[in-house]
Amino acid sequence: MANPSAPVSGEKGPITHVIFDMDGLLLDTEKFYTEVQEIILARYNKAFDWSLKAKMMGKKAIESARIFVEETGISDSLSAEDFLVEREAMLQNLFPTSDLMPGASRLIRHLHAKGIPIAVATGSHKRHFGLKTQRHGELFSLMHHIVLGDDPEVKKGKPSPDVFLAAARRFEGGPVDPLKILVFEDAPAGVLAAKTAGIYDTELIGSTWMSTSAIIQPYQRSAVMVPDPRLDSSHHETADQVLSSLLDFNPSYWGLPPFEGVES
Ligand SMILES: O=P(O)(O)OC[C@H](O)CO
Ligand SMILES: [Mg+2]
C-alpha cells in the first residue's frame, strides 16, 4: 500500500541490494518521449495526455507504440512501426542531452560508497541506452550490472517482471532474495513489474495479468515510486513508498546506511 508519509527510521528492510529504473527515474528522459508524441499527435489534431502517458511509460518501444496508435485512434493512418521510425528521428537528437534527475547522483554515489550492490533494469534498448548515458558514463559505471530491454533474458517488457528477475539473478551470489531488494521506479508498469518479480515468472502470469493490490499484496519485494506529479495518484497504490524526488529518500527507513551527516 502506498505510504506517502514521512519515512520513519528503521521501519522497513533490511535491504541489501538496490535496482534502479532509468528513464524518468535516474534520467530526465520521459520529457523527450512526451514532447515528440505531442508533435506527432498534433498533426492529427489530437492532444497527448497523461492518462495515455501512464499506459505507455516504462514499456518496450514497440509495446508502447501499439498503445499510442490504438488509443489515439490513428492506427489506420500510422502504424506502430511507422510511428517508431518517425519518433526515432526526433529522439536521436534529444537523448544525448539527457540530464540526471535530482538526487540521482547523490544516491548512486552514496550506495556505491557504502558497498551496497546496485543495478539498473530499464526498458530502453542498447542503442538508446548509449545515447541517453553519453554524458553520464562515469556514474553508470558504478552499477554492478545493467539489464536492458533488448537483453535476451527479457522476453517481455514491464509490467512483466522479466527485467527485474534478470537483474536479481546477476548480482554476486544471485538470485538475491526478493525481500532484500529495493526497486526505484517512476512508471506504473515498472512498479507492478518490480512488485511481482519476486514470486511470479512470466509463464505463470502470461499476457492476461492485470494485477490488483489484492493479488500482489503478499509478495514482498519493495518498490519506491518517484512519479511525475502529473501522473494520477491512483497509480501510486501499488508502491510501498511514494516520494516527490530522490532527494527525499531516507536510506535508514529501509535499513540502508544513512547519508553522511544525516541523523537516522
Ligand atoms: O523507464 P525505463 O528505464 O524502463 O525505460 C522505458 C522506456 O524506454 C521509456 O518509457
Ligand atoms: Mg522509468
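Me: Is the crossing of α1 and α4 left-handed or right-handed?

Reply: In this predicted model, the crossing of α1 and α4 is right-handed.

Me: Why is α1 called oblique to α4?

Reply: The axes of α1 (residues 30-42) and α4 (residues 80-94) cross at roughly 130 degrees and come within 10 Å. Roughly perpendicular covers 65 to 115 degrees, and roughly antiparallel begins over 145. An angle of roughly 130 degrees falls in neither class, so α1 is oblique to α4.

Me: What makes the contact between these two helices, and which classes do its residues belong to?

Reply: From α1 come Phe32, Val36 and Ile40; they meet Phe83, Glu86, Arg87, Met90, Leu91 and Leu94 of α4. Seven of the residues in this contact are nonpolar and two are charged, with no polar ones.

Me: Why is α3 described as roughly perpendicular to α4?

Reply: The axis of α3 (residues 61-71) crosses that of α4 at roughly 110 degrees, and the two come within 8 Å. The class runs from 65 to 115 degrees, so α3 counts as roughly perpendicular to α4.

Me: Which residues of α3 and α4 meet, and how do they divide by class?

Reply: Ala61, Ile62, Ala65, Arg66, Phe68 and Val69 of α3 meet Ala80, Phe83 and Leu84 of α4. The contact has eight nonpolar residues, one charged residue and no polar ones. Phe83 is thus named in the contact with α3 and also in the contact with α1.

Me: What makes the peptide bonds before Pro159 and Pro175 worth a remark?

Reply: Most peptide bonds are trans. The bond joining Lys158 and Pro159 is cis, with omega about 20 degrees. The bond joining Gly174 and Pro175 is also cis, with omega about 5 degrees.

Me: Where do these two prolines lie?

Reply: Pro159 is in the loop between β3 (145-147) and α8 (162-169). Pro175 is in the loop between α8 and β4 (181-185).

Me: What is listed about the phi of Asn45, and where is this residue?

Reply: Most residues other than glycine have a negative phi. Asn45 has a positive value, near 55 degrees, and is not a glycine. Asn45 sits in the loop between α1 and α2 (50-56).

Me: How is the protein chain divided into domains, and what makes up their contact?

Reply: Domain 1 consists of 17-28 + 103-248, and domain 2 of 30-97. Their contact takes 21 residues from domain 1 and 13 residues from domain 2. On the side of domain 1 that touches domain 2, α6 (126-132) and α9 (188-196) each supply at least two residues. By class, that side has five nonpolar, nine polar and seven charged residues.

Me: How do you know which stretches the predictor is unsure of?

Reply: The mean pLDDT of the protein chain is 88, and 86% of its residues reach 70 or more. Over residues 1-10, however, pLDDT stays under 50, and the model has 17 contacts beyond four places in sequence for them. Residues 201-219 also have a pLDDT below 50, with 19 contacts beyond near neighbours in sequence.

Me: What scores does the predictor give the complex?

Reply: The ipTM is 0.95 and the pTM is 0.88.

Technical notes:
Residues numbered from 1 in each chain as written. Chains lettered and ligands numbered in written order. Predicted model: local features only at pLDDT ≥ 70, side-chain atom pairs only at ≥ 80, totals over all residues. Domains from an automatic or database assignment. Contact = placed C-beta atoms within 7 Å. Helix = DSSP H or I, 4+ residues; strand = E, 2+ residues; numbered from the N terminus. Nonpolar A, V, L, I, M, F, W, Y, C, P; charged D, E, K, R; others polar. pLDDT = per-residue confidence, 0-100. Axes fitted to C-alpha atoms, helices over the stretch in contact; angles between N-to-C directions. Parallel < 35°, antiparallel > 145°, perpendicular 65-115°, else oblique. Left-handed = near helix turned anticlockwise from the far one by under 90°.
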